[in-house]
Amino acid sequence: MSTQVNINNTPRKPFNSFKSIANAKKTNLTYAATTKRSYRNHTTEPVETHTKIQAFLGSLTGVGVSTALIANKQKLTLKNPLNIFKLKYGIPEMIAISGLGIIGGVLGGLIGSKKKKEKIDEGVFQFMNATVPLLAVHPVTKFIDNSKYKNNIPLRIGAILAVLLAGMKLAAAISNKINDPKDKVPDRKLTLLDSVANIDDAVGAFAVAKIPVVSQLEKILPFIFVWCGYRAGQSN
């Protein structure tokens, strides 16, 4: 096959349509997979096994210590493991457990890692996402409880979801300001898909919303907060 020549007389390889199409498909699939993964775990490269283990153990330690202190304050003994499902949660308890879990996860993930700034930034994002929506939902729930609409479940669910999404947006804005106070890099945008992907960070808000069935998530909050701390520690 003869070599094609462009207008600048520079040799150019002939166009191989089948190979180009295959490469384009591969590129699109890789991009799609990376984009989907970034919504969830915020990783740009494979996470090493030892980093995952360290992040998990750090998060487990943080949640374990805070849970034990709260159980002791509530006169519950964790010698009976089932007592973990009997803990009573208010805003201080949720913030304490999620905060220590995230701190533990990030500290564990930092050991031997070159992605220190990324992990700390993700820890800030996770913590803000766990606390800001919670603080926003609580007064709305109180307002509904003291109104004539307190038994209107559809209204309660709609109001809670709206405030929850607004709180997650606000959490992202605060995180951007903390992580990049001089605005040197583009802000992290929280899209609707990103909000849905990270909804477990704000699960504490559901626990105080008193929505039937959903509010029962309160019983497994320590496990959810371990997961949130782990995700922060393994991010890169």
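# Close-up views of a helical protein

**Figure 1. Helix α2 crosses helix α8 in a right-handed sense.** The coordinates come from a predicted model. The two axes of α2 and α8 approach within 8 Å and cross at roughly 140°. Because this angle is neither over 145 degrees nor between 65 and 115, α2 is classed as oblique to α8. On the α2 side, the contact is formed by T51, K52, A55, F56, S59, L60, V63 and T67, and on the α8 side by P222, F225, V226, G229, Y230, G233 and Q234. Sorted by class, the contact of α2 with α8 comprises eight nonpolar, six polar and one charged residues.

**Figure 2. The protein as a whole has eight helices and two strands.** Read from the N terminus, the elements follow the order β-β-α-α-α-α-α-α-α-α. The chain shown has 236 residues, of which 39% count as buried. Where contacts join residues at least 6 apart in sequence, 74% of them link residues at least 24 apart.

**Figure 3. P222 is a residue of helix α8.** With a relative accessibility of 2%, P222 counts as buried, since the cut-off for buried is under 20%. Apart from residues up to four places away in sequence, P222 touches V63, T67, I84 and Y89. One of these partners, T67, is separated from P222 by 155 residues in sequence, yet the C-alpha atoms of the two residues are 7.3 Å apart in space. Both P222 and T67 also take part in the contact between α8 and α2.

**Figure 4. The largest nonpolar core has 26 residues.** Those that touch the most other members are L87, Y89, M94, I97, V137, L164 and L221. Two or more residues of this core come from each of α2 (49-73), α3 (91-110), α4 (116-145), α5 (153-179), α7 (203-209) and α8 (221-234). The greatest contribution is that of α7, which supplies six residues. In soluble globular proteins, nonpolar side chains tend to be buried together. What does Y89, a member of this core, contact beyond its neighbours within four places in sequence? The contacts of Y89 are I84, M94, I97, E218, L221 and P222. Among them, M94, I97 and L221 belong to the core residues that touch the most other members.

**Figure 5. Helices α4 and α8 pack with their axes 7 Å apart.** The angle between α4 and α8 is about 150°. The cut-off for roughly antiparallel is over 145 degrees, and α4 and α8 therefore count as roughly antiparallel to each other. Their crossing is right-handed. From α4, the residues K119, E122, G123 and Q126 meet C228, R231, A232, G233 and Q234 of α8. This contact of α4 with α8 divides by class into two nonpolar, four polar and three charged residues. G233 and Q234 of α8 also appear in the contact with α2.

**Figure 6. Helix α4 also crosses helix α5, with axes that come within 7 Å.** The crossing angle of α4 and α5 is roughly 145°. The passage of α4 across α5 is right-handed. By class, the contact of α4 with α5 holds 19 nonpolar, five polar and four charged residues.

**Figure 7. N179 lies in helix α5.** Is N179 buried or exposed? A relative accessible area of 19% makes N179 buried, because the class covers values under 20%. When neighbours within four places in sequence are set aside, the contacts of N179 are K117, D121 and V124.

**Figure 8. K75 and D183 are loop residues, K75 between α2 and α3 and D183 between α5 and α6 (192-197).** K75 is not a glycine, although its phi is positive, at about 65°. D183, likewise a residue other than glycine, has a positive phi near 55°. K75 counts as exposed at 74% relative accessibility. D183 is also exposed, with a relative accessible area of 53%, because the exposed class covers values over 50%.

Technical notes: Residues numbered from 1 in each chain as written. Predicted model: local features only at pLDDT ≥ 70, side-chain atom pairs only at ≥ 80, totals over all residues. Heavy atoms only, no water. Core = buried A, V, L, I, M, F, W, Y, C linked by side-chain atoms within 4.5 Å. Buried < 20%, exposed > 50% of the residue type's maximum accessible area, 1.4 Å probe, protein only. Helix = DSSP H or I, 4+ residues; strand = E, 2+ residues; numbered from the N terminus. Contact = heavy atoms within 4.5 Å. Axes fitted to C-alpha atoms, helices over the stretch in contact; angles between N-to-C directions. Parallel < 35°, antiparallel > 145°, perpendicular 65-115°, else oblique. Left-handed = near helix turned anticlockwise from the far one by under 90°. Nonpolar A, V, L, I, M, F, W, Y, C, P; charged D, E, K, R; others polar.
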